[in-house]
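Subject: Structure handover and notes

Hello,

Here is the structure you asked about, with the sequence. My notes come after it.

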Amino acid sequence: MNILLEVLNLKKKPLKKLSVSLKSKSYEIYFGYDILENSNYILEKYIKDKSIIIVYDQILEKNLKFLSGSLSNITNNLESIGVKSGEKSKSLEMYSFLNEKIIEKGVDRKSILVAFGGGVIGDLVGFVASTMLRGIDFIQIPTTLLAQVDSSIGGKTGVNSIYGKNLIGSFHQPLAVLSDVNILKSLSKKELISGYAEIIKHALIKDKIFFKWLTGFGEDIIYGNDELRVEAIYKACNIKREIVQEDELENGPRALLNLGHTFGHAIESYVNYDGSLLHGEAVSVGIILAYKLALKIGSTSSREFDIVLNHFKKVGLPTSIKQLTDKIDNKNKLWQLMQNDKKFSNGKLSFIIPEKIGQVKIRNDISSEVVLSLLKEEIEK
Ligand SMILES: NC(=O)c1ccc[n+]([C@@H]2O[C@H](COP(=O)([O-])OP(=O)(O)OC[C@H]3O[C@@H](n4cnc5c(N)ncnc54)[C@H](O)[C@@H]3O)[C@@H](O)[C@H]2O)c1
């Protein structure tokens, strides 16, 4: 245990840690409170005296000083670049802008980028790091619930194409991940609910007991019980960690983490990432559609579906396309966008289909007629 853990324990501020062990790289995820101000203690072993460039979401201007203040204790070479967030920033234009800006600031092969923001900043900066000077290290400091439970770990980085989400990218694992729940306090309720969708996704994929726990504490997690938040983030990350360790490059079981995403990505793409809906909201509706598809093909029971649906409704997660947006009115267009998703290969679309709570399966045998009939019911009802 390092000095920081002892200090924080003395102050009764728990700090949890998970280790991700992969072929390409192994790294730690740190969870807890007051991590930003103490980041120098945690990060010293990675970045002492190296040149650091923090790429931050402009909305975090005020928080940046805590992070910079702390890191300036361990390096004299600290730069920062503010970026406007939102899904539109996950673009080749922003990727190109950021590359030039970083080179202008001065970068060498030992420089480290720090992604300080939500999933958009993390995905974008990770992708820049993976190609800058043929690959430099980066650290994730996720600032949304969604990024803390999902996007900051596992090493998927990238930007969107006009043809679909995340179509341009790479696998590039971070050097470390620092998740501080204090920073979540400024998130809107809508953002928190969106992040909660990815927590519940992890439970539905692999852990029935975790799901049951969430049905008891979901609202407390969303509305700000810090201890429960740390616990939920830790549990969700642990599930993702186990799956990614088994299949880093998504040749098999890692695809399970895409539960709800074939529908969700198409929904986001349909509205052209216009900011009217959040990623987690689209995933939430996507998970419910995956359940409805599972009901249609008889792979889950209506009892299991009702339990899931009731929990989604109770915590305020959107459960239908109509509830989310009135911009989606053409089932064929939505189906076309689903086929642009990465999960389409050899003429077959892969779906992650729920069986029981805590158990899902990859299925490549679902006919387009069944999917289209579901989309028809969903959009034209
Ligand atoms: N790489 C992966 O494995 C993976 C997994 C899941 C999702 N994702 C990606 O993550 C993205 C969604 O992430 P997101 O929901 O964090 O989006 P985001 O980064 O756009 O953040 C959402 C909003 O919250 C604001 N924000 C960020 N931190 C804040 C804070 N502490 N207080 C107040 N506001 C804050 C942002 O400015 C933005 O308006 C999507 O692009 C999705 O594809 C990636």
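The notes below go through strands, surface patches, salt bridges and two backbone angles, in that order. Please keep in mind that this is a predicted model.

Strands

Strand β1 (residues 15-21) runs antiparallel to strand β2, and seven bridges join the two. They form a hairpin, with four residues between the strands. If you want a point of reference in this pair, Lys16 stands opposite Phe31 in β2.

Strand β2 covers residues 26-32, and six of its seven residues are buried. β2 also pairs with strand β9 (residues 176-180), this time in the parallel sense and over five bridges. There, Glu28 has Ala176 of β9 as its bridge partner. When you look at the side chains of these strands, remember that in a regular strand they alternate between the two faces of the sheet.

A second hairpin is made by β7 and β8, joined through two residues. Strand β7 spans residues 156-161 and strand β8 residues 164-171; their pairing is antiparallel, with five bridges. Lys156 stands opposite Phe171 of β8, and Lys156 comes up again under salt bridges.

Surface patches

Ile162, Tyr163 and Leu167 make a nonpolar surface patch of about 370 Å². Tyr163 sits in the loop between β7 and β8. Its relative accessibility is 55%, and the cut-off for exposed is over 50%, so Tyr163 counts as exposed.

Leu167 also has a neighbour from another part of the sequence: the C-alpha atoms of Leu167 and Asp341 are 7.8 Å apart, although 174 residues separate the two in sequence. Asp341 is found in the loop between α14 (331-340) and β10 (344-345). Unlike the exposed Tyr163, Asp341 is buried, because its relative accessible area is 5%.

There is a positive surface patch as well, formed by Lys208, Lys212, Arg303 and Lys356. Of these, Lys356 belongs to strand β12 (residues 351-356).

Salt bridges

How many salt bridges does a search of the whole structure find? The search gives 23. A few of them are described here.

Lys156 forms one with Glu250, and the closest N and O atoms are 2.4 Å apart. This pair links distant parts of the chain: Lys156 is in strand β7, while Glu250 is in the loop between α9 (226-246) and α10 (261-270), 94 residues apart. Both residues count as partly exposed, Lys156 at 30% relative accessibility and Glu250 with a relative accessible area of 24%.

Glu281 and Lys190 meet through their side chains in another salt bridge, at 2.9 Å from N to O. Glu281 lies in helix α11 (residues 279-296) and Lys190 in helix α7 (residues 189-206), so this pair ties together parts that are 91 residues apart in sequence. Is each partner buried or partly exposed? Glu281 is buried, because its relative accessibility is 9%. Lys190, at 41%, counts as partly exposed.

Some of the salt bridges share partners, and these join Glu87, Lys90, Asp123, Lys165 and Glu268 into one network. A further salt bridge is formed by Arg363 with Asp365, where the closest N and O atoms are 2.8 Å apart.

Backbone angles

Which residues in the loop between α10 and α11 deserve a look at their phi values? Asn272 lies in that loop and has a positive phi of about 60°, although it is not a glycine. Tyr273 lies in the loop too; its phi is near 45°, again a positive value in a residue other than glycine.

As for cover, Asn272 is partly exposed, with a relative accessible area of 47%. Tyr273 is buried, with a relative accessible area of 11%, and the cut-off for buried is under 20%.

To find your way around, you could begin at Lys156, which stands opposite Phe171 in β8 and forms the salt bridge with Glu250. From there, the loop between β7 and β8 brings you to Tyr163 and the nonpolar patch with Ile162 and Leu167.

Regards

Notes:
Residues numbered from 1 in each chain as written. Predicted model: local features only at pLDDT ≥ 70, side-chain atom pairs only at ≥ 80, totals over all residues. Heavy atoms only, no water. Patch = residues over 30% accessible without salt bridge, like charges linked within 9 Å, V, L, I, M, F, W, Y side chains within 5 Å. Areas by Shrake-Rupley, 256 points an atom, 1.4 Å probe, with all protein chains shown as cover. Salt bridge = Lys/Arg side-chain N within 4 Å of Asp/Glu carboxyl O. Lys, Arg positive; Asp, Glu negative; His and termini not counted. Charge placed at Lys NZ, Arg CZ, Asp CG, Glu CD. Buried < 20%, exposed > 50% of the residue type's maximum accessible area, 1.4 Å probe, protein only. Pairing = 2+ DSSP bridges.
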